[in-house]
Amino acid sequence: MIKREYITATKIVAEENVENSKTVLKDAPRQVMAVSSVSDVDCIIIKKGGYIVLDFGRELQGGIVVSVLGASLGDAGGAKGVPLHITFGESVMEALSTIGYKNAVNDHSVRDFTVDTTVLSTQHFGNTGFRFVRLEALECDINFSCIQAFCEMDDLPYIGEFECDDERLNEIWRVGAYTMNLNMQEYIWDGIKRDRLVWAGDINPEIHTIASVFGNVDIVNRSLDLLRDFTPPDKWMNTIVSYTMWWIINHRDWYMYTGNLEYLSQQKDYLFKVAENIMNLLDENNEYEPSIHSYIDWSAKDKPQEWAGLRAVTVMSLEAAADIANALGEKALAEKYIARKNQIAHYKLEDYEKIKQITAICSLAGLVDLDYGADIIEKDGANGFSTFMGYYAIQVLAKTDRMDKALDIIRQYWGGMLDMGATTFWEDFDIEWTKNASPITEVVPEGKKDIHGDFGKYCYTQFRHSLCHGWASGPTAFMSQYVLGIFPAEPGFKKVKISPQLGNLKWAKGKFPTPYGVISVEHKVGDNGVVTEFDLPSEIEIAE
């Protein structure tokens with residue numbers, strides 16, 4: 001159920017020609033009242049041509065509510081309306097920027113517009129992702145008795161928990177969970193400002209975060225079904241070949257968390273058709289048609305390494321299709337998928353080493369030795385990471401007993417966004433951007449770089465860049481899975497594997513949702529290694 005929450009501003013970032021501005025920082029009723037004189041009421045007055053920029057303390061999905069007591073437009077104020085310019089921003093500088101400046105846009109959600117409000121009214125405006133709002137009075141003074149933000153998102157309990165002796169990692173876990181929660185609207189969006197779309201590939205780290213924090217929720221099924229229903233089986237989801245492959249992987253992964261065989265069986269006809277298309281995608285020489293849309297990660301876009309990544313995802317999707325076929329009793333199909341997978345995997349990869357994300361996905365697919373891949377990923381720490389595929393890169397480090405390196409990179413990379421003022425994780429990030437850059441919470445002084453408006457590339461240049469992207473939530477799932485060491489050993493957690501990796505931590509504890517209830521674990525480093533205590537629902541067994 002979508003819940004609406006009202007939030008009072010925590011800070012006035014900038015103002016010009018505003019009276020009694022600090023009133024906006026106080027809680028106030030959103031109901032306007034007829035009064036003898038506006039001067040009798042404690043209200044904020046934005047004078048004609050004036051503006052105020054408000055900080056609401058954290059990223060929100062929603063808009064602004066304004067209660068207007070009066071305006072100096074005279075009698076025309078009722079008939080004509082009182083024009084108010086509203087600009088939302090995920091950073092201060094975006095809120096200060098109008099359409100066109102540094103690629104500021106209204107794509108996927110309208111964040112810069114002028115509205116006609118009226119006296120003695122309370123009105124809600126906007127439906128976007130933001131933390132900062134600029135309000136400008138265009139033609140007259142406007143008296144506000146209340147200005148608040150409202151946030152709308154799925155009102156789900158946080159069932160999963162994570163805590164360790166490093167508060168920076170705890171905060172990263174929480175921010176990843178909140179990032180994902182904001183993007184759980186009617187469907188799973190990738191971004192709440194721009195990218196309000198359901199992307200079949202981006203959903204993979206997102207469903208792992210959802211499973212780790214919220215458990216089995218219907219929004220995953222709805223989103224996967226939407227992708228299926230909008231895409232004929234002879235087409236590719238989101239027009240991207242690899243995204244249909246990820247859709248199959250998503251179903252296998254979600255089935256492992258939920259054990260919902262009835263839902264999996266509903267995908268049977270469509271899934272086996274698209275799996276056949278994937279098997280036939282490569283020619284007799286095991287090569288791809290160069291014209292296909294082969295997106296894997298922005299870091300590899302239009303580079304030779306992208307084809308190595310596509311081969312890896314192809315292999316992973318056929319493995320997933322075989323797992324699903326076995327679960328549905330289609331043993332012959334499963335053998336067919338594995339045989340084709342082996343043909344495709346029997347291929348010398350070239351150039352994958354130059355991009356960590358491609359190295360990671362090739363390592364997880366078994367096309368590259370895990371230790372060799374981990375060597376490449378570990379080199380230079382968080383340099384060269386991406387928010388999407390970074391989730392898979394840290395998995396390679398964990399699978400090769402390099403948890404200390406994985407946690408250090410999480411601290412540097414995802415923690416680097418927190419250092420720049422983030423309260424949600426971004427569409428992309430490069431730690432090089434932080435050099436001589438101001439955080440998103442400040443007006444950028446002369447001589448400094450704007451971390452939001454001066455960086456980005458491909459589709460996310462400058463202010464078009466989303467600062468709340470679900471695919472960046474991977475560390476939340478990773479810490480619940482690999483640090484706490486909780487994995488379903490059989491579909492639906494009929495059996496669970498508990499194999500913690502604390503790396504350079506002294507202790508970690510948490511909870512993981514399952515169809516049978518919550519698994520609770522606590523790990524401490526003792527004289528003879530890690531000591532684990534756990535509590536399981538009675539229906540769950542420990543895997544040997």
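**Exercise 1. The surroundings of Gln 267**

Task: Locate Gln 267 in this predicted model, classify Gln 267 as buried or exposed, and identify its contacts.

Solution.
- Step 1. Gln 267 sits in the loop that connects α7 (261-265) to α8 (268-279).
- Step 2. The relative accessible area of Gln 267 is 0%. Buried means under 20%, so Gln 267 is buried.
- Step 3. When neighbours within four places in sequence are set aside, Gln 267 contacts Asp 225, Arg 228, Trp 247 and His 251.
- Step 4. With Arg 228 there is also a polar contact between side chains, at 2.8 Å.

**Exercise 2. The packing of α12 and α13**

Task: Describe how helix α12 packs with helix α13, giving the angle, the distance between the axes and the residues that meet.

Solution.
- Step 1. Two packed helices are described by the angle between their axes and the distance between the axes.
- Step 2. For α12 (residues 370-378) and α13 (residues 390-399), the angle is about 125° and the axes are 9 Å apart. The helix α12 is therefore oblique to α13.
- Step 3. The crossing in which α12 passes α13 is left-handed.
- Step 4. On the α12 side, the residues in contact are Leu 370, Gly 373, Ala 374, Ile 377 and Glu 378; on the α13 side they are Ala 393, Val 396, Leu 397 and Lys 399. By class, this contact comprises 6 nonpolar, 1 polar and 2 charged residues.
- Step 5. The loop between α12 and α13 contains Asp 380. Although Asp 380 is not a glycine, its phi is positive, about 65°. Its relative accessible area is 54%; exposed means over 50%, so Asp 380 is exposed.

**Exercise 3. The packing of α4 and α6**

Task: Determine whether α4 and α6 are roughly parallel or oblique to each other, and list the residues through which they meet.

Solution.
- Step 1. Helix α4 (residues 203-213) and helix α6 (residues 241-258) have axes 9 Å apart, at an angle of about 10°.
- Step 2. Angles under 35 degrees count as roughly parallel, and α4 and α6 are therefore roughly parallel to each other.
- Step 3. From α4 the contact draws on Ile 203, Asn 204, Ile 207, His 208, Ile 210 and Ala 211. From α6 it draws on Trp 246, Ile 249, Asn 250, Asp 253, Trp 254 and Tyr 257.
- Step 4. The classes in the contact of α4 with α6 are 8 nonpolar, 3 polar and 1 charged.

**Exercise 4. The enclosure of α15 and its link to Thr 209**

Task: Establish how many residues of α15 are buried, and find which residues Thr 209 touches.

Solution.
- Step 1. In helix α15 (residues 474-483), 10 of the 10 residues are buried, so this helix is largely enclosed by the rest of the structure. The buried residues include Gly 474, Thr 476, Ala 477, Phe 478 and Tyr 482.
- Step 2. After α15 comes Gly 485, with a positive phi near 75°.
- Step 3. Thr 209 belongs to helix α4 and counts as buried, because its relative accessibility is 0%.
- Step 4. Residues up to four places away in sequence being excluded, Thr 209 touches Gly 176, Met 180, Phe 214, Ser 473, Gly 474, Thr 476 and Ala 477. Gly 474, Thr 476 and Ala 477 are among the buried residues of α15.
- Step 5. For distance, the C-alpha atoms of Thr 209 and Phe 132 are separated by 27 Å, and these residues are 77 residues apart along the chain.

**Exercise 5. Two loop residues and one helical residue**

Task: Compare the settings of Arg 464, Asp 195 and Leu 226.

Solution.
- Step 1. Arg 464 lies in the loop between β10 (449-450) and α15. Its relative accessible area of 16% makes Arg 464 buried.
- Step 2. Beyond four places in sequence, the contacts of Arg 464 include Asn 103, Asp 107, Lys 193, Arg 194 and Glu 427.
- Step 3. Asp 195 occupies the loop between α3 (167-182) and α4. It is buried, at 8% relative accessibility, and has a positive phi of about 90° despite not being a glycine.
- Step 4. Leu 226 is part of helix α5 (residues 218-230) and is partly exposed, with a relative accessible area of 24%. Outside its neighbours within four places in sequence, Leu 226 contacts Tyr 187 and Val 198.

How values were computed
Residues numbered from 1 in each chain as written. Predicted model: local features only at pLDDT ≥ 70, side-chain atom pairs only at ≥ 80, totals over all residues. Heavy atoms only, no water. Helix = DSSP H or I, 4+ residues; strand = E, 2+ residues; numbered from the N terminus. Buried < 20%, exposed > 50% of the residue type's maximum accessible area, 1.4 Å probe, protein only. Polar contact = N/O pair within 3.5 Å; in protein donor to acceptor, adjacent residues only side chain to side chain. Contact = heavy atoms within 4.5 Å. Axes fitted to C-alpha atoms, helices over the stretch in contact; angles between N-to-C directions. Parallel < 35°, antiparallel > 145°, perpendicular 65-115°, else oblique. Left-handed = near helix turned anticlockwise from the far one by under 90°. Nonpolar A, V, L, I, M, F, W, Y, C, P; charged D, E, K, R; others polar.
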